[in-house]
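Trainee: I would like a close look at a single part of this model, namely the place where its domains meet. Please take me through it in one connected account.

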Amino acid sequence: MEIKNVALIGLGAMGVFFAPRMEEHLGRENFCVIARGERKRRLENQGVTVNGVNYRFPICTPEDGTEKGLIIMAVKDMGLHQAIQDIRKFVGEKTQILCVMNGVESEEKVAEVYGWDHVLYSYMRMSIVMKCGKADFDPYWGKVYFGEAKNIELTERVQAISDVMERCDIPYKVEKDMIWGLWFKYMCNVGENLTCALLGIPFGAYRESEAANEIRWAAMKEVQAVAEAKGIFITDEQMKKQYDAICRIPYENKPSTLQDLEARRKTEVEMFAGSMVEMGKELGIPTPVCWMFLQGIRVLEEKNQGLK
């Protein structure tokens, strides 16, 4: 199995991790960004600036899609439903899909439409601040993770995607247990991302504020309890090691939810805290910290809309 061409939908903080290198190494004829309407016009007329270079990537509309070997979905949670429809003409018999967005439910939603033969598990560990169509970041700080649910030996399709990442000089890792990896990333997002968003602080605050870390840890413990009820075991020791990873993030970097609030955009709090509250209710597990995140960030969204 060989993947010769790639389509990307979503050219925000996650998408720019892939796009410049894929265009360079695959060639413009084998790479495109899926976009429609005003977004298509903006990308064609203004492009995006990554590390000081302005890019005008090839744009494909959903209506004019042709079969691709790999589709990378890097949209926000609010855009997933539309993105699932927009990739339809790009999905062929052997197409593989990586949905690298946050959360633990996106793969299931994509697979409901296109089937698990086309969908692999994936997520990203990186920190990119994108503002007004500009992003500056170290392209080798962070990775994309992907694979089958379990990866003791690489399947043909996982190897094919690995080959593409190698060819495009994109850092990646195939986790032996992708479900565990997804939940660990989700746990970190709930704890780190939402604490920063509610308090209006950058990642660097965790180096200095014991109180911020107490809130972060309490939220992570709620995710740990829900994950365990689902048969996914994350130890306290594994959670403690995450602090070292936070300290390697540039001090001033802000997580996606805080970036959204500051830009007066809708956040992904429903996917993070909202899903946690719902899962907690279903499993009979208290999630008071996530409930506070949910209500508090909803209020901040209302404030941005002029309702409060």
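Trainee: Before we turn to that interface, how many salt bridges does the count come to by this rule?

Mentor: The structure is a predicted model, and by the distance rule the count comes to 13 salt bridges. Between domain 1 and domain 2 the count is one salt bridge, and that contrast is a useful way into the part you asked about.

The domain assignment divides the chain into domain 1, residues 6-176, and domain 2, residues 179-305, with 24 Å between their C-alpha centres. The contact draws 20 residues from domain 1 and 24 residues from domain 2. The size of an interface is often given as the accessible area lost when the parts come together; for domain 1 and domain 2 the buried area is about 2,000 Å², and carbon and sulfur atoms give 56% of that area. On the side of domain 1, Asn102, Val104 and Arg125 supply 29% of the area buried against domain 2, which is more than any other three residues supply.

As for polar interactions, the side chains of Asp260 and Lys76 meet in a salt bridge, at 2.9 Å from N to O. Given the bounds of domain 1 (6-176) and domain 2 (179-305), Lys76 falls in the former and Asp260 in the latter. Across the interface there are also seven residue pairs in polar contact, counting pairs in which both residues have pLDDT 80 or more. Strand S8, residues 119-125, gives the largest share of the side of domain 1 that touches domain 2, with five residues, and the residues of that side divide into 11 nonpolar, four polar and five charged.

A salt bridge elsewhere in the chain joins the side chains of Arg41 and Glu38, at 3.4 Å from N to O; Arg41 and Glu38 both lie in helix H2, residues 37-45, three residues apart, or about one turn of the helix.

The UniProt record, an unreviewed entry, annotates residues 6-149 as "Ketopantoate reductase N-terminal" and residues 179-300 as "Ketopantoate reductase C-terminal". In the model, residues 6-149 are 26% helix and 33% strand, with end C-alpha atoms 23 Å apart, whereas residues 179-300 are 72% helix and 0% strand, with end C-alpha atoms 32 Å apart.

Definitions and conventions: Residues numbered from 1 in each chain as written. Predicted model: local features only at pLDDT ≥ 70, side-chain atom pairs only at ≥ 80, totals over all residues. Heavy atoms only, no water. Domains from an automatic or database assignment. Contact = heavy atoms within 4.5 Å. Buried area = accessible area lost by both parts, 1.4 Å probe. Salt bridge = Lys/Arg side-chain N within 4 Å of Asp/Glu carboxyl O. Polar contact = N/O pair within 3.5 Å; in protein donor to acceptor, adjacent residues only side chain to side chain. Helix = DSSP H or I, 4+ residues; strand = E, 2+ residues; numbered from the N terminus. Nonpolar A, V, L, I, M, F, W, Y, C, P; charged D, E, K, R; others polar. UniProt positions renumbered as here; feature names shortened; annotations may be inferred.
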